[in-house]
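Me: Could you take a close look at one part of this model for me? I'd like to hear about the salt bridges, and then whatever sits around them.

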Amino acid sequence: MDLELMMKVYPFFLEAAWVTVLLSVLTAILGLICGTLGAAARLSRHAILRFAGAAYVSVFRGTPALIQLFILYFGGPQIGIQLDAFEAGVIGLGINAGAYMTETIRGAIIAIDKGQREAARTLGLSSWQATYKVILPQAARLMVRPLGVNLNMLIKATALVAAIAVVELTYTAQRYIGSTYKPFEMFLLAGVLYMIIIYATGRGVAWLDRKVQIT
């Protein structure tokens, strides 16, 4: 194993790791927005919204994320959608992650006993107030860990954007393999940095989970 080479290229991998972190953060934010809207649609009283939410989840969980990225990045210009590689990566992975988060958020909400809502309504709260003040705080305790799992999956899925030339960890490893012919060292270095990112994320999720359980 060529440790000298790994130390030489390490700064470039570190820059790529920051791109991976930024991509993960932006994608997670978009995923949470889509997941919240999707869960609201799936739980709606209106059949059209329930159908739209179910269709969203079915389509984006039922097709490969890489194909979705290709359609958005390569096929988008045919229908007037012009995005650079990073933008396509954020939007494509964010919408895909949102489909998984939809079911995570929905599952946490429906896990709350219906009697909680009925009791809130009995106390004079409106349906919205019952949801916001009673149901969601309890559901939050149930959704933090599953959303953390979704986030870990999302971080690993960012490797897919290497296929559309976003200069993140996987793309950087592939680029240096082409010039050094050292795939073991390059992928090992990328893998270690992925593990550090995921470990740090896991610690953050564990801290948030403890805070939520206390409140």
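Reply: Here is a walk through the salt bridges, followed by a pocket and one buried side chain.

Keep in mind that this is a predicted model. It holds three salt bridges. Let's start with R42 and E103, whose side chains meet at 3.2 Å, N to O. That pair links distant parts of the chain, with R42 in helix α1 and E103 in helix α4 (residues 85–110), 61 residues apart. E103 has another partner too: it forms a salt bridge with R106, and the closest N and O atoms there are 3.3 Å apart. E103 and R106 are separated by about one helical turn, because they sit three residues apart in helix α4. Put together, R42, E103 and R106 make up a network of salt bridges. As for the two arginines, R42 is partly exposed at 22% relative accessibility, and R106 is also partly exposed, with a relative accessible area of 22%.

The remaining pair is R145 with D209, where the closest N and O atoms are 2.7 Å apart. R145 belongs to helix α6 and D209 to helix α8, so this salt bridge ties together parts that are 64 residues apart in sequence. The two ends have quite unlike surroundings: D209 has a relative accessibility of 4%, so it counts as buried, whereas R145 is exposed, with a relative accessible area of 59%.

Helices α6 and α8 turn up again in the second largest pocket, where they and α1 are the elements that give two or more residues to the lining. The space in that pocket comes to about 230 Å³. There are 13 lining residues, and the closest to the pocket centre are L32, L147, L151, V205 and L208. Helix α6 (127–157) gives the most to the lining, with six residues. By type, the lining divides into 10 nonpolar residues, three polar and no charged.

Last, a look at a polar side chain elsewhere. Q68 is found in helix α3 (residues 65–75). Buried means under 20% relative accessible area, so Q68, at 10%, counts as buried. The Q68 side chain does have a polar partner: it makes a polar contact with the side chain of T63, at 2.7 Å. Leaving out residues up to four places away in sequence, Q68 touches V59, F60, T63, G92 and N96.

How values were computed:
Residues are numbered from 1 along each chain as its sequence is written. This is a predicted model: local features need pLDDT of at least 70, side-chain atom pairs count only at pLDDT 80 or more; totals for chains, interfaces and linings use all residues. Side-chain values use heavy atoms; hydrogens and water are left out. On a 1 Å grid over the protein atoms alone, a cavity is a set of points where a 1.4 Å probe fits but cannot get out, and a pocket is an open set with protein on both sides within 12 Å along at least five of seven lines; lining residues have an atom within 4 Å of a point. Grid points are joined across faces, edges and corners, and a volume is the space filled by probe spheres set on the points. Helices (H or I, at least four residues) and strands (E, at least two) are DSSP runs, numbered from the N terminus. Ala, Val, Leu, Ile, Met, Phe, Trp, Tyr, Cys and Pro count as nonpolar, Asp, Glu, Lys and Arg as charged, and the others, Gly among them, as polar. Buried means under 20% relative accessible area, exposed over 50%, partly exposed in between (1.4 Å probe, protein chains only). A polar contact is a pair of N or O atoms within 3.5 Å; within protein, one must be able to donate a hydrogen and the other to accept it, and residues adjacent in sequence count only if both atoms are side-chain atoms. Contact means heavy atoms within 4.5 Å. A salt bridge is a side-chain nitrogen of Lys or Arg within 4 Å of a carboxyl oxygen of Asp or Glu.
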